[in-house]
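Work through the following exercises on charged side chains with the sequence and the model at hand. Try each task before reading its solution.

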Amino acid sequence: MRRTLLLALTSLTLLSMPSATLAARHEPYKGSRIFWDNATRKTVFSSGGYARIIQLKDGRLMATCESKGIVIAFSTDKGSTWSSPTTIVNNTNNVPNCVPDLVQLSDGTIVVGYNPRPSTPYTEDRRFGIRCKRSTDNGKTWSDEIFVNDASRTFNDGCWEPSFLELPSGELQLYFADEGPYTRSNEQQISMCRSFDKGQTWTAAQKVSFRAGYRDGMPSAIILQDGKTIALAFEDNGWAGVNNFIPTVVTCPLETNWNNYWVDAASQYRWQAVNYNYSPLYRGGAPYLRKLPWGETIISHQGENGNGADMSKLQMWVYVGNEQAKDFKAMSEPFGGDNSLWNSLAVIDTGTVVAVGGINGRIDMIKGRAVRQLEAPYAHPTIDGKQTSKEGYYMPNATQLLLGHSSNKVRFTADFAYDEDALYFTTRVSDNTQHPLPSSYGDGVTLFLDTDYASDEQPVDNIHRLFFRLDGGVVAYKGSNEKRRWMANKVENVRSVITRANKYYIIEAAIPWSALGFSTPPIEKLMRANVMLHDNHDGSNNVVYDMMPDAKRDASWTWIDFVLGTNPNATKVNVVKVTPKVSVFVGDTSISVSDNVAKTTVYTLAGSKVGDFSTTSFVKPTTKGVYLLNFALNNGKEVTRKISVK
């Protein structure tokens, strides 16, 4: 299913753009950014490595890892708790079975692949290879071992790291790193085997990617949003000036499907995944590629953090790319500075990202929310320094934004609401070392707003900055077209209430619309926003600042789109027809769909789930706005349509 929060499209027909925006000084940053929620971090396996997670068709999560063989576990509550591990592949004959991957096919069959790696002393009868097992009863029982591929009997000429991809045709592909063809060199290619019977039998391996003299390795493949392209990510140590592995992507048209086709070093269909103009060059391999429901792509890898090539100190880094699996940026660190090896990603539900990593011999997971646009819903919060579930913020626990930095494990959240009188802002900061200094060096949180969508590199007119200090003070600034810098701004009637405890503080504030230059709420304006934490470590001038990935303090083009939700007290609903393939009628009382639709999920562009409906049950939209409808068709396919309800 799709979450429209992240499908906040570049062109929003409903939202009016002020004339100043037509001459925007910089193209606004429009990609999603992933906000990791430390409260969701859980241990999946108490011991093991190289873990993978998928969501099954019945809603459960299934995990696998290597742990004295290949083990699996299940979660019925989206990862909050996990079953005890079950071993489905035992190590025998001095052959450890390693690095599993798993997939559930369109017919419900689950296939787990793995990599036998003979230990010394090597013998002719024991080969490095790829094997798999199948389950047709949702993981209760498993088939005998199925042969996929063999390489050499020695470590220097082995094959490694299986990774699955099912095509729309039902063909199952298994990609792996392959040294088998290069027994006289240290080279390595990406090979692929095919199965046309749900993993029961496999074709011989074929080459799909190779850079002469180097080592393409650790593949991970997806079908792009266009439905016409296979994107394959892997580690590549052949890029000039890098002197190490970095994430790399190659593509192949689905129509070609690797038939008489492979990608070499000079191909236009091979590129560095990460946009290093935004993100620092953290070298390292083990990439893992996945797709968000609305088309953006995400990739992870293990990389250095200023510590060279010490493999024991590599961390997990995650980036967001576009629908073509290019331009990955918004670099984030899900496990907050912990060493994390042989990581992977999963996308569950309507776009929740799950990061999985090997940390100190165990397997942990953490959930992240990919956000492309913020929203302030219509509500009347009580400004008392408390966050209660019924105050009307975008999230019941006021966690629309989840931020923090890894240097001292500080976590902070933020959320919004509005009414006719004010914009409401609240934040909760987990902080053991609070210093409420009456200056810019004290603890607190700054809210930035670009109310005219100037999207500039510097502070200009109609860009606002409000620093809510932990000592209760509020310091306001505004941009200047003439000065192109922050100017002190005296604002009246801004209220801020603070609650402090030993390990956290909460700020709740009401900002009158007049303080932002409005006489009424700008309901149909597209704005931009940013939030910055000021964390004073020791009471001196030692302050650590934290913002969204890729955000710059003074450059509103790097911030995030921000809108006000519609006022439910002033709503009229028109009829809208959406074609082709699916007819949708939005009437005064209901949405109905044609009979070829099994189920539809409706979201607002800021991510609120309106509800599910089918031909026999209905949801009543009560507010005007732009909605995204995700149709699950009877034939198993999905169609997405955007509608405007005026």
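The exercises below deal with salt bridges and then with one acidic residue.

The model is predicted, so that local features need pLDDT of at least 70 and side-chain atom pairs count only at pLDDT 80 or more, while totals for chains, interfaces and linings use all residues. Residues are numbered from 1 along each chain as its sequence is written, and side-chain values use heavy atoms, with hydrogens and water left out.

**Exercise 1.** Find how many salt bridges the whole structure holds, and state where Lys78 and Asp349 lie.

*Solution.* Begin with the criterion: a salt bridge is a side-chain nitrogen of Lys or Arg within 4 Å of a carboxyl oxygen of Asp or Glu. A search of the whole structure with this criterion gives 26 salt bridges. One of them joins the side chains of Lys78 and Asp349, at 2.9 Å from N to O. Lys78 sits in the loop between β4 (69–75) and β5 (86–90), whereas Asp349 sits in the loop between β22 (341–348) and β23 (352–359), so the pair links distant parts of the chain, 271 residues apart; strands here are DSSP runs (E, at least two residues), numbered from the N terminus.

**Exercise 2.** Decide whether Asp452 and Lys525 are buried or exposed, and locate their salt bridge in the chain.

*Solution.* Apply the accessibility classes, in which buried means under 20% relative accessible area, exposed over 50%, and partly exposed in between (1.4 Å probe, protein chains only). Asp452 has a relative accessible area of 15% and is therefore buried, and Lys525, with 16%, is buried too. Their side chains form a salt bridge of 3.5 Å, N to O. Because Asp452 lies in the loop between β29 (444–450) and β30 (463–469) and Lys525 in the loop between β34 (504–512) and β35 (527–536), the pair ties together parts that are 73 residues apart in sequence.

**Exercise 3.** Which polar partners does the side chain of Asp178 have?

*Solution.* Asp178 belongs to strand β11 (residues 172–178). Asp178 is buried yet has no salt bridge, and the nearest side chain of opposite charge, Arg215, is 9.8 Å away (Lys and Arg count as positive, Asp and Glu as negative, and His and the chain ends are not counted). Turning to other polar atoms, the side chain of Asp178 has a polar atom 2.9 Å from the backbone nitrogen of Gly180, and a polar contact of 2.8 Å joins the side chains of Asp178 and Ser191. A polar contact is a pair of N or O atoms within 3.5 Å; within protein, one must be able to donate a hydrogen and the other to accept it, and residues adjacent in sequence count only if both atoms are side-chain atoms.

Technical notes: Helices (H or I, at least four residues) and strands (E, at least two) are DSSP runs, numbered from the N terminus.
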